[in-house]
Amino acid sequence: MDNPALWRDTVVALRFFSRLPLPALPGEADPHGLPDFTRLIRAVPLAGFVLGGLAGAVVLAASLVLPPVIAALLGVAAAVVMTGAFHEDGLADSADSFGGMTTERRLDIMKDSRIGTFGAAALILGLGLRVAGLTALVAAVGGGRTALAMAAIGAASRTVALGLQVHLDPARIEGAAYATGRPQAADWHIALAIAAGLALLLIPAGGIAGAFLAFGVAGLILPLAIRFASAHVGGQTGDLTGATQQVIEIAMLLVLVAIAVPVGAA
């Protein structure tokens, strides 16, 4: 794509979603400031594609010389390190908020940097399911097809999860979800179209049916997440968006595992 603005936005999105050492762009006043998602959302699927693809490359390289479970562990570890556990933190904070009996208390818990019992359990289960899913997928379809699927899932999960910010007001007038702005639905739909195009990379691992079902599951999870966020805290937060991304990523991966197309199958 010969679109300098889109590539520039992709670099900014990567800087927000990851800890990759990206240089400041020409004319960029504050490289480490919060981005404006009202204009950046179209670049989210490309940023997710890069992050998922890099983790997938680790899985591919490791699978050439190591058992699938170790390749999966290294791939998940690479993803966590690259992103600074960005979405995992949202999953843990969202899980911990179940301990609050009121909206105000739940929001306070999400702001607390400490991890409680619910958060620790959610992290263990989330990371465990990702490692188990990748192990099974590598064993079934090989490291190359798994790497392609990881890139596509990275794009789809982050893009679909941002539907919370499109459809709901921020639950509090502070924090990243408020500061980054509310994306326009039209721009989000364009981002979804890009993510859907990248979802074609799911076909080698899951076939056409698997790619369709995996992306469809992501679409089914979003309205449930929107309804939950609205009932839980009266709106959306960055933590809930991150938790939604994690749930979508795990669900898409498990769908592919369930209907994986083995290497050599016609």
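Let's start with helix α3, where the buried residues are Val44, Pro45, Leu46, Ala47, Gly48, Leu51, Gly52, Ala55, Gly56, Val59 and Ala62. Here "buried" means under 20% relative accessible area, "exposed" means over 50%, and "partly exposed" is in between, using a 1.4 Å probe and protein chains only. The helices, like strands, come from DSSP runs numbered from the N terminus: H or I with at least four residues for a helix, E with at least two for a strand.

Before going on, keep in mind that this is a predicted model, where local features need pLDDT of at least 70, side-chain atom pairs count only at pLDDT 80 or more, and totals for chains, interfaces and linings use all residues. Residues are numbered from 1 along each chain as its sequence is written, and side-chain values use heavy atoms, with hydrogens and water left out.

Back to α3, which covers residues 44–63. At 1.5 Å a residue, its 20 residues should span 28 Å, and the end C-alpha atoms are indeed 28 Å apart, so the two values agree. The expected span is 1.5 Å times one less than the number of residues. You can try the same check on α13: it has 21 residues and reaches 30 Å from its first C-alpha to its last, close to the 30 Å expected. Helix α13 is also mostly covered, with 16 of its 21 residues buried.

What does α13 pack against? One partner is α8. Two packed helices are described by the angle between their axes and the distance between the axes. Helix α8 (residues 143–161) and helix α13 (residues 238–258) pack at about 140°, with axes 8 Å apart. That makes α8 oblique to α13. The axes are lines fitted to C-alpha atoms, for helices over the stretch in contact, and angles run from 0 to 180 degrees between N-to-C directions. Angles under 35 degrees count as roughly parallel, over 145 as roughly antiparallel, 65 to 115 as roughly perpendicular, and the rest as oblique. The crossing of α8 and α13 is right-handed, meaning that the near helix is turned clockwise from the far one by less than a right angle (anticlockwise would be left-handed).

Who does the touching? On the α8 side, the contact is made by Ala149, Ile153, Ala156, Ser157, Arg158, Val160 and Ala161. On the α13 side, Thr241, Thr244, Gln245, Ile248, Glu249, Met252, Leu253 and Leu256 take part. Contact means heavy atoms within 4.5 Å. The residues of this α8 and α13 contact divide into nine nonpolar, four polar and two charged. In this scheme Ala, Val, Leu, Ile, Met, Phe, Trp, Tyr, Cys and Pro count as nonpolar, Asp, Glu, Lys and Arg as charged, and the others, Gly among them, as polar.

Another partner of α13 is α5: the two pack at about 110°, with axes 7 Å apart. That makes α5 roughly perpendicular to α13. His87, Glu88, Asp89, Gly90, Leu91, Asp93 and Ser94 in α5 meet Asp239, Leu240, Gly242, Ala243, Gln245 and Gln246 in α13. By class, this contact of α5 with α13 has three nonpolar, six polar and four charged residues.

Now move to helix α4 (residues 68–83) and helix α7 (residues 117–141), whose axes come within 8 Å and cross at roughly 130°. These two are therefore oblique to each other, and their crossing is right-handed. Pro68, Val69, Ala72, Leu73, Val76, Ala79 and Val80 in α4 meet Leu127, Arg130, Val131, Leu134, Thr135, Val138 and Ala139 in α7. Sorted by class, the contact of α4 with α7 has twelve nonpolar, one polar and one charged residues.

Is Arg130 of α7 buried or exposed? At 4% relative accessibility, Arg130 counts as buried. Leaving aside neighbours within four places in sequence, Arg130 is in contact with Val76, Ala79, Glu88, Gln246, Glu249, Ile250 and Leu253. Also in α7 is Ala122, which is buried with a relative accessible area of 15%. With the same neighbours left out, Ala122 is in contact with Leu91 and Ala95.

Finally, look at Ala85, in the loop between α4 and α5 (86–96). Its phi is near 55°, a positive value in a residue other than glycine. Most residues other than glycine have a negative phi. Ala85 is partly exposed, with a relative accessible area of 24%.
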